[in-house]
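Hi,

Here is the structure I said I would pass on. Have a look at it first, and my notes on what turned up follow below.

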There are 2 protein chains.
Amino acid sequence: MKTGKNLLNITLLSVLAACASHANAAAPLMIQEQGSFAAGGTMITAPGTFNPRKPMTPDGQTYHGDHAYTFYQIPVDARKLPIVMWHGAGQFSKTWETTADGREGFQNTFLRRQFGVYLIDQPRRGDAGRSMVEATVKPVPDEQLWFNQFRIGLWPNYFEGVQVARDAQTRDQFFRAMTPNTGPFDMAVVSDGVSAVFDKIGPGILFTHSQGGGPGWLTAIKNNKVKAIVAFEPGSSFVFPLGEVPAPIPSAFDTVQGAAVPMDQFMALTRIPILILYGDNIPEQAVDLPAQDSWRARLTMARLWRDAVNQHGGDVRLIHLPEIGIKGNTHFPMSDLNNVQIADLVSGFLTEKHLD
Amino acid sequence: MKTGKNLLNITLLSVLAACASHANAAAPLMIQEQGSFAAGGTMITAPGTFNPRKPMTPDGQTYHGDHAYTFYQIPVDARKLPIVMWHGAGQFSKTWETTADGREGFQNTFLRRQFGVYLIDQPRRGDAGRSMVEATVKPVPDEQLWFNQFRIGLWPNYFEGVQVARDAQTRDQFFRAMTPNTGPFDMAVVSDGVSAVFDKIGPGILFTHSQGGGPGWLTAIKNNKVKAIVAFEPGSSFVFPLGEVPAPIPSAFDTVQGAAVPMDQFMALTRIPILILYGDNIPEQAVDLPAQDSWRARLTMARLWRDAVNQHGGDVRLIHLPEIGIKGNTHFPMSDLNNVQIADLVSGFLTEKHLD
């Protein structure tokens, strides 16, 4: 009986795996395994001796923090390399989940394309909130800043043709997809945390978004289990070899500066394929609007970085989406209205680099 | 061709649905739909006018916060009522996910039993971190308090026969399953958030843990879409009719006090089946150990509450697990080593009350 049922299951799985290659949003997801864990982090012990009759006193007690948290799903018949998806500033795993207007995000999209998917909350953010450094969380109104900075438009107007639904409910969900830092943002801490995820899961592909871009490079330097990076609109923290850091690029928002690392560290970034994507409404010339001008400076630095890595034998491709005819993308190409088109672009890259 | 494929899919789904009733941890999860959203919350607007050239100034900007966040999964051939799973103090959705020693939690267990599952991060916790009230997050060592308070043992010793793996890696994962409040804990705010989840999803069953118990009762009072509650080790906030609040129960940890609500609100709790579970190592007589004595007081108050609701025509069943021969459970019966046995107990209750 048992053997018969197992055989039936195996047959069904084979047929369903075949079906999965035609997967669409209406088809069920076949998940072989899913779960969550913490990775990395540190621990302190307060001096003294714990007294169970005075439990509110820290004496002799421990505190674990600064770990990353990940929720993962491995589909049936998964491809060899899973994808680790890492959010940007003020965001969490939600970046890759249901879009603000209720469509599927890259979590589901790449599960349907038979990749294992690990969603990160970086140390000191969201569900990885236990921080080793104190912080105060303040409700300071800032959402018009983000609306502009994320290049949805110039508040309260939307950019013409922008790939974003314009209803109030979508805006509400979009703003509620933010969550604060519970400790100071620290490039070393967050890259240690995500590197520890790779130590647990083995080789994989890293997707980064925005602020995650900089520590994403550091993670690949630290951990050769990072086999490729797809960076969506990486922020300001590009690393160059000592002595080869380009001049800072001022903008109406801030000044974008490269960071120096020893050559042997930098060379790690020449050994993996890297795809960088930037969306629309980034001016080529300086403008006096901080939100848009900050992206002009970042895109300029990203191009210098691509050239530096490639000159040292690397394989970086930077696509400014409007240049290949893909218009209207915001800072969130993974959740914009055309996110399936963006996923197809990424899938093509992964196929080309034999990463699937 | 298309019709043929659809027919094949339907046949496969029927067979797989049948298989699902024999589901085990090795079988794939068949997920019809999964995603995430924010629910409820409020919004403020700073006085003044937003100036896009001064984006760091709050003038005229908005701030959304105090929403709940939920990640949900609906299995193929789901039962009518989904389960909303709500964490306790210092915890988040992880309570119901992979256990600290790496087994499946109630998220997967009840998906396999064909329930839709909604995992909550309550307002001001974890991925719902955007709070309308300022807070400071401090890394104060407190884990020996929790080890004792969660009745794993008397640090550094484990209770004899406790249903917990004793290795260092399990302890590490257990302590890292905590995340701080990013605003003051507020019963009204968190119950509003979870009530808003029910408004979005419709009728469902509410599982609460510990601190979630008290606002869980409030949620059922606010929202008649809560069709049943299973409360795992509810904490101190039991609500009684005005004039019927029992005398406070002092313990070596704190004093447990009932809260008063108008009779018409209280009566909402008499209209739904409620199951309350408490684990092992709760003394019947006062002891001078705060951790254990706090649970003696809570269990005592819970029994008074059960009697009060039932005297008003309600349907509350309280099971102190050792009394039915289930030994060694901690404050986390949903993730203890015998959590499948606990799930079976809960499933039996749901079947008996025609909730499945």
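Let me start with a loop. A:Ser210 sits between strand 10 (204–209) and helix 6 of chain A. Its backbone is a bit unusual to look at: phi of A:Ser210 is near 55 degrees, a positive value in a residue other than glycine. Do keep in mind as you read on that this is a predicted model.

While we are on loops, there is a cis peptide bond in each chain to check. In chain A, one joins A:Trp155 and A:Pro156, with omega at about 5 degrees. In chain B, the bond between B:Trp155 and B:Pro156 is cis, with omega at about 0 degrees. As for where they are, A:Pro156 belongs to the loop between strand 8 (153–154) and strand 9 (157–158) of chain A, and B:Pro156 to the loop between strand 8 (153–154) and strand 9 (157–158) of chain B.

Now the pocket, which may be what you open first. The largest one holds about 940 Å³ of space. Its lining comprises 37 residues, and those closest to the centre are A:Ala89, A:Gly90, A:Trp146, A:Asn181 and A:Gln211. Which parts of chain A each supply at least two residues of that lining? Strand 7 (135–137), helix 3 (143–149), helix 6 (213–222) and helix 8 (290–311) do. By residue type, the lining splits into 18 nonpolar, 13 polar and 6 charged.

Next, how the two chains go together. A turn of 180 degrees, with a shift of 0.0 Å along the axis, lays chain A on chain B with an RMSD of 0.0 Å. That is the relation of a two-fold axis. The interface fits in with this: 100% of the interface residues of chain A are also interface residues in chain B, so the copies meet through the same surface.

In numbers, 88 residues of chain A are in contact with 88 residues of chain B. About 7,300 Å² of area is buried between the two chains, and carbon and sulfur atoms give 53% of that. The count of salt bridges between chain A and chain B is 6. If you want one to click on, try the pair A:Asp288 and B:Arg53, whose side chains meet in a salt bridge at 3.0 Å, N to O.

That's the lot from my side. Shout if anything is unclear.

Cheers

Definitions and conventions
Residues numbered from 1 in each chain as written. Chains lettered and ligands numbered in written order. Predicted model: local features only at pLDDT ≥ 70, side-chain atom pairs only at ≥ 80, totals over all residues. Heavy atoms only, no water. 1 Å grid on protein atoms, 1.4 Å probe; cavity = no way out; pocket = protein on both sides within 12 Å on 5 of 7 lines; lining within 4 Å. Points joined across faces, edges and corners; volume = space filled by probe spheres on them. Helix = DSSP H or I, 4+ residues; strand = E, 2+ residues; numbered from the N terminus. Nonpolar A, V, L, I, M, F, W, Y, C, P; charged D, E, K, R; others polar. Least-squares fit on C-alpha atoms with pLDDT ≥ 70 in both. Contact = heavy atoms within 4.5 Å. Buried area = accessible area lost by both parts, 1.4 Å probe. Salt bridge = Lys/Arg side-chain N within 4 Å of Asp/Glu carboxyl O.
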